Amino acid sequence: QVHLVESGGGLVQAGGSLRLSCAASGRTFSGFSMAWYRQPPGKRRELVADIDSTGTTDYLDSVKGRFIISRDNAMNTWNLQMNSLKPEDTAVYYCNIRLTNYWGKGIRVTVSS
C-alpha cells in the first residue's frame with residue numbers, strides 16, 4: 001500500500017524560509033514525476049512545482065525564483081525549498097505523484113506579514 005507523508009510545514013514570518021519534504025512508501029517511483037500542490041484558504045488547489053524523472057522542473061509563475069523542488073530517488077523522497085515567503089503563500093501544501101491518485105494528507109504553511 002502506498003503512503004505519502006509530508007513534513008516541514010508551520011508558521012513563518014514573511015521573508016523567511018521553510019523546507020517541505022514528502023516521503024513515499026510502499027513502492028519506488030523513480031520513473032514518475034513528483035509534484036507539490038497547494039490550496040490557499042477559500043481557493044482551488046493549484047500546482048506549485050513538479051520535477052520529472054530526469055530532474056527537469058517546472059514552477060507556478062508566482063513562485064519562480066523563490067521555490068526549488070528536488071528529489072532523492074534512492075530515498076523515495078522529494079522536497080520543496082521555499083524562500084522569501086509571502087503571506088500569499090499561505091496554504092495547505094500537498095505532495096503528489098503525477099498522473100496517479102497518490103496524495104499526501106497535506107501540511108499547513110502559514111506566512112505572517
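The structure holds 1 disulfide. This is a predicted model. C22 and C95 form the disulfide, with their sulfur atoms 2.0 Å apart. The partners come from two strands: C22 lies in β3 (residues 18-25), C95 in β9 (residues 91-97), so the bond ties together parts that are 73 residues apart in sequence. Is the disulfide right-handed or left-handed? The torsion about the S-S bond of C22 and C95 is about 50°, so the disulfide is right-handed. Both cysteines are out of the open: C22 is buried, and C95 is buried too. A disulfide is a covalent bond between the sulfur atoms of two cysteines.

**The open sheet**

Strand β3, home of C22, also belongs to a sheet. In what order do the strands of the open sheet run? The order is β1-β3-β8-β7, which makes 4 strands, and the pairing is antiparallel. The edges are β1 (3-7) and β7 (67-72); each of these pairs on one side only. From one strand to the next, the twist averages 15°. Strands of a sheet pair through backbone hydrogen bonds, either parallel or antiparallel.

Edge strand β7 is joined to β8 (residues 77-82) by 6 bridges. One contact point is I69, whose bridge partner in β8 is L80.

**Two hairpins**

Next come β4, β5 and β6. Strand β4 (residues 34-39) runs antiparallel to β5 (residues 46-51), and 5 bridges join them. M34 has I51 in β5 as its bridge partner. The two strands form a hairpin with 6 residues between them. Which glycine in this turn has a positive phi? It is G42, at about 75°.

Strand β5 then pairs with β6 (residues 57-59), again antiparallel, through 3 bridges. Here A49 is matched with Y59 in β6. β5 and β6 also form a hairpin, with 5 residues between them. G55 sits in that turn and has a positive phi of about 95°. Strand β5 thus takes part in both hairpins.

The bridge counts and example partners are set out below.

| Strand pair | Bridges | Example partners |
|---|---|---|
| β7 and β8 | 6 bridges | I69 and L80 |
| β4 and β5 | 5 bridges | M34 and I51 |
| β5 and β6 | 3 bridges | A49 and Y59 |

In a regular strand the side chains alternate between the two faces of the sheet.

Notes:
Residues numbered from 1 in each chain as written. Predicted model: local features only at pLDDT ≥ 70, side-chain atom pairs only at ≥ 80, totals over all residues. Heavy atoms only, no water. Pairing = 2+ DSSP bridges. Axes fitted to C-alpha atoms, helices over the stretch in contact; angles between N-to-C directions. Disulfide = S-S within 2.5 Å. Buried < 20%, exposed > 50% of the residue type's maximum accessible area, 1.4 Å probe, protein only.
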